[in-house]
Structures are given as C-alpha cells and as structure tokens.
Amino acid sequence: MKTILLIAGLAIITVMVGYLISLLIRLQKQKTQFQQARLARFERIQDSLLTIAKAMQQGECNHSEGVIRLTMLLKPLGQDLRPYPNMAALYDVVMDMPTHDARQALEKAERRKLDHIREEAEQNKHSGIQAELPRFIQQISALRCPKF
C-alpha cells in the first residue's frame with residue numbers, strides 16, 4: 001500500500017514538474033515575442049523620426065508639421081524636443097492650432113490669422129531648426145532600444 005502511494009505521489013510530482021517546465025517554456029517564448037515586438041516598434045519609430053527630420057531638412061515637410069509629428073513620435077520613447085530649443089519653440093507656437101476638420105470649421109479670417117502666426121514662427125525659427133536637425137538626426141540614429 002505504501003509503495004502504491006509513493007508511486008502515485010512521485011507520478012503526481014513528475015506531472016506537476018512537467019507542467020511547470022511547460023509553463024516556463026511558454027513564458028520564455030512570450031518574453032522573447034514581447035522583446036521582438038518592442039524592438040520592432042522602436043525601430044519603426046526611430047525610422048519615422050529620421051524620415052521626418054530628413055524631410056524637414058530637405059524642405060519636403062514644413063517645420064510646423066514636422067515638429068508636431070516628431071513630438072508625437074518622441075513621446076513613446078520618453079523623449080521630447082527640449083534639447084532642440086528652436087524646434088521646441090516652434091512646437092509651442094503650433095501645438096494648440098486646430099488641424100484637419102477643426103481647421104476647416106474656422107472662419108476664413110481666423111485661419112489666415114493662425115496661418116500668419118505659424119508662417120512667421122516658421123520663418124523666425126527656420127535657420128535655427130536647420131542647424132538643429134543634423135544633431136537631432138545623429139542623436140536619433142544613435143538611440144538604442146532600452147532593455148528591461
């Protein structure tokens with residue numbers, strides 16, 4: 001009788017250890033998949049940041065749109081435009097300006113007024129932003145995905 005109980009106990013322990021090992025293997029796979037997804041997201045964001053910055057540099061993207069897009073992409077990385085005072089200053093001017101449908105809903109005179117404010121800020125910050133973009137591109141290129 002004791003032998004049967006001992007064998008049953010060992011069988012239960014063996015099954016539980018096997019189940020534990022399978023759970024640990026699944027957990028490791030999930031961690032690996034999570035890290036791969038995180039790295040892929042980081043690389044997409046980094047690539048987007050570089051594309052926008054280079055487009056701004058080459059005049060393919062106006063600076064107002066660029067700083068808005070850069071700011072939104074930097075947030076998930078825990079970064080912002082503060083190290084780049086000209087880009088940050090332009091963002092401060094345009095960040096609350098309505099876009100898309102909200103912009104279309106404005107009176108024509110109000111749109112022109114906001115356009116004038118935006119264009120003047122872009123013009124005032126243009127050379128400073130152009131000077132900051134190479135450093136921005138270099139620093140974003142050097143970023144590495146943080147490890148957890």
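**Close-up 1. His100, an exposed residue in helix α4 of this predicted model.**
Let's start with His100, which belongs to helix α4. Its relative accessibility is 67%, so His100 counts as exposed, since the exposed class begins over 50%. The backbone here deserves a look too: His100 has a positive phi of about 50 degrees, although it is not a glycine.

**Close-up 2. The largest pocket and the residues around it.**
How many residues line the largest pocket? There are 14, and those lying nearest the centre of the pocket are Glu65, Ile68, Pro98, Thr99 and Arg118. Three helices give two or more residues to this lining: α2 (63-74), α4 (100-104) and α5 (108-142). Helix α2 provides the largest share, with four residues. Sorted by class, the lining holds five nonpolar, four polar and five charged residues. The space inside the largest pocket comes to about 360 Å³.

**Close-up 3. The second largest pocket.**
This pocket holds about 180 Å³ of space. To find the second largest pocket on the structure, look for Arg38, Arg41, Phe42 and Ile45, which are among the residues lining it. Further along the chain, the lining also includes Pro76, Leu77 and Gln79, and then Leu143, Arg144, Cys145 and Pro146. By class, seven lining residues are nonpolar, one is polar and three are charged.

**Close-up 4. The largest nonpolar core, with Met56 as a guide.**
The largest nonpolar core has 29 residues. Which of them touch the most other members? They are Met56, Val67, Leu70, Leu81, Met87 and Phe136. Helices α1, α2, α3 (85-94) and α5 each give two or more residues to this core, and α1 gives the most, with eight. Now zoom in on Met56. Setting aside neighbours within four places in sequence, Met56 is in contact with Cys61, Asn62, His63, Gly66, Val67, Leu70 and Met87. Ile129, Gln130 and Leu133 are also among the contacts of Met56.

**Close-up 5. The two sides of helix α3.**
Met87, Ala88, Leu90, Tyr91 and Val94 are the residues to find here, and they are buried in α3. Why do they sit on the same side of the helix? They cover an arc of only 165 degrees around the axis, which puts them on the same side of α3. A handy rule helps here: an α-helix has 3.6 residues a turn, so residues three or four places apart point the same way. The buried residues of α3 pack against α1, α2 and α5. On the other side of α3, you will find Pro85 and Asp92, which are exposed.

**Close-up 6. Two residues in helix α1, Ala40 and Thr51.**
Both of these residues can be found in helix α1, which covers residues 2-57. Ala40 is partly exposed, with a relative accessible area of 29%. Thr51 is also partly exposed, at 47%. The cut-offs explain these labels, because partly exposed lies between buried, under 20%, and exposed, over 50%. Next, look at some C-alpha atoms. Ala40 and Ile4 are 36 residues apart along the chain, and their C-alpha atoms are separated by 54 Å. Thr51 and Ile137 are 86 residues apart along the chain, and their C-alpha atoms are separated by 9.3 Å.

Note on methods:
Residues numbered from 1 in each chain as written. Predicted model: local features only at pLDDT ≥ 70, side-chain atom pairs only at ≥ 80, totals over all residues. Heavy atoms only, no water. Buried < 20%, exposed > 50% of the residue type's maximum accessible area, 1.4 Å probe, protein only. 1 Å grid on protein atoms, 1.4 Å probe; cavity = no way out; pocket = protein on both sides within 12 Å on 5 of 7 lines; lining within 4 Å. Points joined across faces, edges and corners; volume = space filled by probe spheres on them. Nonpolar A, V, L, I, M, F, W, Y, C, P; charged D, E, K, R; others polar. Core = buried A, V, L, I, M, F, W, Y, C linked by side-chain atoms within 4.5 Å. Contact = heavy atoms within 4.5 Å. Arc of directions from axis to C-beta.
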